[in-house]
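Please open the model in a viewer and follow the selections below in order. Each stop names what to select and then states what is found there.

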Amino acid sequence: MALVAHQQERKRTIRSFVRRAGRLTPAQKRALRELWPAFGITFSDKPLDFNSIFDRTAPRVLEIGFGNGETLVKQAAATPLMDFIGIEVHEPGVGHCLLYTKAAKISNLRLINHDAIDVMRHQISDASLKRINLYFPDPWPKKKHHKRRILQHDFLQLASRNISPGGTLNIATDWEHYAEQIDDLISSDEKFRLSERRVHSGDAPLDRPTTKFERRGIRQGHRIWDWQFIRN
């Protein structure tokens, strides 16, 4: 067991993100100070009790890498009968999302400021999620950096453990080579099956609002790939 834990720890030295210092605005600093107690979840190695956190039983959605939180808050506001958990490693984005959350006057959203893989491995209980959203993850376009992409077999193993049978994994990217990797990964994975795949120009997002990263990709002339995979 000690050897397995050591090997897992060595794997996690390859991160799918680089922490950027990022300047916090005064409003973001105030949000982190004043709103985090109400909407933030501190990382630990203990599974979360979502029924206690949200004070109800409801389907749960996890969004990984929510950026500034615009899309996440829109989805939470539009779906009040579901609870949403957002993960983001960059503090300015968390601060921005807290401000959006307050403005939207919603209570069905909580945020975690930590590495998503650690959260999925330690804090998310088995089959406790209805859906995972992974929208426009860092494409790490250089071939030598592909190992940093979050979408790997290990990620799919964690996602399949976190998502209840019949739940979905929703992914979007604007990088063609990443889309090819995603197609290959899922086609060889027995725990997920394809429900829908779309290729579009930003005019047909699959069961989601458009995102800031999506709009930037479209301005650069990129196509958009959307998938919905069902947990077998």
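At what angle do helix α2 (residues 26-34) and helix α6 (residues 91-104) pack, and how far apart are their axes? In this predicted model, select both helices: the angle is about 75° and the axes lie 8 Å apart. Angles of 65 to 115 degrees count as roughly perpendicular, and α2 and α6 are therefore roughly perpendicular to each other.

Next, display the side chains at this contact. From α2, select A27, Q28, A31 and L32; they meet E91, P92, V94, G95, H96, L98 and L99 of α6. Sorted by class, the residues of this contact are seven nonpolar, three polar and one charged.

Now turn to the largest nonpolar core, which has 35 residues. Within this core, select I64, I132, L151, F155 and L169, the members that touch the most others. Helix α9 (residues 176-187) supplies the largest share of the core, with five residues.

Centre the view on F155. Leaving aside residues up to four places away in sequence, F155 touches I64, I117, M120, L134, I150 and L169. Apart from the core just visited lies another one of 19 residues, including L35, F84, L98 and I106. L98 also belongs to the α6 side of the helix contact shown earlier.

Finally, zoom out to the whole protein, which has ten helices and eight strands. Its radius of gyration is 17 Å, close to the 17 Å that the globule rule gives for 232 residues, so the protein is as compact as a globular protein of that length. The C-alpha atoms fill a box of roughly 50 × 45 × 35 Å along the principal axes. Colouring by burial will mark 49% of the 232 residues as buried.

Key:
Residues numbered from 1 in each chain as written. Predicted model: local features only at pLDDT ≥ 70, side-chain atom pairs only at ≥ 80, totals over all residues. Heavy atoms only, no water. Core = buried A, V, L, I, M, F, W, Y, C linked by side-chain atoms within 4.5 Å. Buried < 20%, exposed > 50% of the residue type's maximum accessible area, 1.4 Å probe, protein only. Helix = DSSP H or I, 4+ residues; strand = E, 2+ residues; numbered from the N terminus. Contact = heavy atoms within 4.5 Å. Axes fitted to C-alpha atoms, helices over the stretch in contact; angles between N-to-C directions. Parallel < 35°, antiparallel > 145°, perpendicular 65-115°, else oblique. Nonpolar A, V, L, I, M, F, W, Y, C, P; charged D, E, K, R; others polar. Rg over C-alpha atoms; globule rule 2.2 N^0.38 Å.
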